[in-house]
Amino acid sequence: MLAEHTYKQFDADLEAVRARVLEMGGLVEDQVNKAVEALVTQNAQLAEEVIANDVQVNALEVSSDEACTQIIALRQPTASDLRMILTIIKTITDLERIGDEAAKIARFTVSSLNSDRIAIPRYSEIKYMADLAIKMLRTSLDSFARVDASSAADVARQDMEVDEEFHLIARHLITYMMEDPRNITLFIDLMFVVKSIERIGDHAKNMSEYVVYMVKGKDVRHTTLEQLERELK
């Protein structure tokens, strides 16, 4: 009876920390959505909300990390349980960094609205790129929730598309700077915004790779798409 009780408590502890990761993931996805919306609609109030809520993201990272440390110390997990804990630790780190990128985008929105701008950029290309990165994040979180690694290859393909969009937008921004040097500062700042979105995609891809490790015990970081697809068969 004591062993059965211990196992049940262990399962409850694991489920509680998994739920906390999904809560953090939902908050981070909301942060990215709001940061991009604030940029596109030039909504300073919404951007300020994103900046303020970054504290909640950081708090969830700390509490989740502490919960994982306690589980390792008290339960000494092995095999698939240990892989799940390691996946959670890595995932919350990437989620926190995605939250940081969302806050960076929001801070740019606030600072750009408070400056004397000669021109207002078109954000349609950036919005398209951001939607791709958000879709990657949502897919990775769903894979973690379902403990299903099958979508990892799709996320990797989407990351390649995000990278292509980044290079395309970067070339356009450089062209704009050459055509109108008065807006160089604005377009350099926009370059950092686009880089933040590209990093969000990278972190989402990392998260999908952690799920592969959790489910299959295979480390697929730094592998080609073809190698990843073979591991998923």
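**Notes on the aromatic rings and helix α7**

1. Let's start with F187: this residue is buried, with a relative accessible area of 8%. Bear in mind throughout that we're looking at a predicted model.

2. F187 has an aromatic partner, Y176, and the two rings make a tilted pair, 5.5 Å centre to centre with 40° between the planes. The angle is neither under 30 degrees, as for stacked rings, nor over 60, as for edge-to-face ones, so "tilted" is the word that applies. The count of aromatic pairs here comes to 1.

3. What does the pair tie together? Y176 belongs to helix α5 (residues 152-179) and F187 to helix α6 (residues 184-216), so the contact joins parts that are 11 residues apart in sequence. As for Y176, its relative accessibility is 37%, which puts it in the partly exposed class.

4. Two other rings have a charge over them. K195 lies over the face of F166, 5.0 Å from the ring centre. Over the ring of F144 you'll find the charged end of R18, at 5.4 Å from the centre.

5. Now for helix α7, which covers residues 225-232: L225, L228 and L232 are buried there. Looking down the axis of α7, you'd see its buried residues fall within an arc of 60°, so they line one face of the helix. The general background helps: an α-helix has 3.6 residues a turn, so residues three or four places apart point the same way.

6. And what do the buried residues of α7 pack against? They pack against α5 and α6, the helices that hold Y176 and F187 respectively.

Technical notes: Residues are numbered from 1 along each chain as its sequence is written. This is a predicted model: local features need pLDDT of at least 70, side-chain atom pairs count only at pLDDT 80 or more; totals for chains, interfaces and linings use all residues. Side-chain values use heavy atoms; hydrogens and water are left out. Rings of Phe, Tyr and Trp (its six-membered ring) pair if their centres lie within 6.5 Å; planes under 30 degrees apart count as stacked, over 60 as edge-to-face and the rest as tilted. Helices (H or I, at least four residues) and strands (E, at least two) are DSSP runs, numbered from the N terminus. Buried means under 20% relative accessible area, exposed over 50%, partly exposed in between (1.4 Å probe, protein chains only). A charge sits over a ring if NZ of Lys or CZ of Arg is within 6 Å of the ring centre and within 35 degrees of the ring normal. The arc is that of the directions from the helix axis to the C-beta atoms. Contact means heavy atoms within 4.5 Å.
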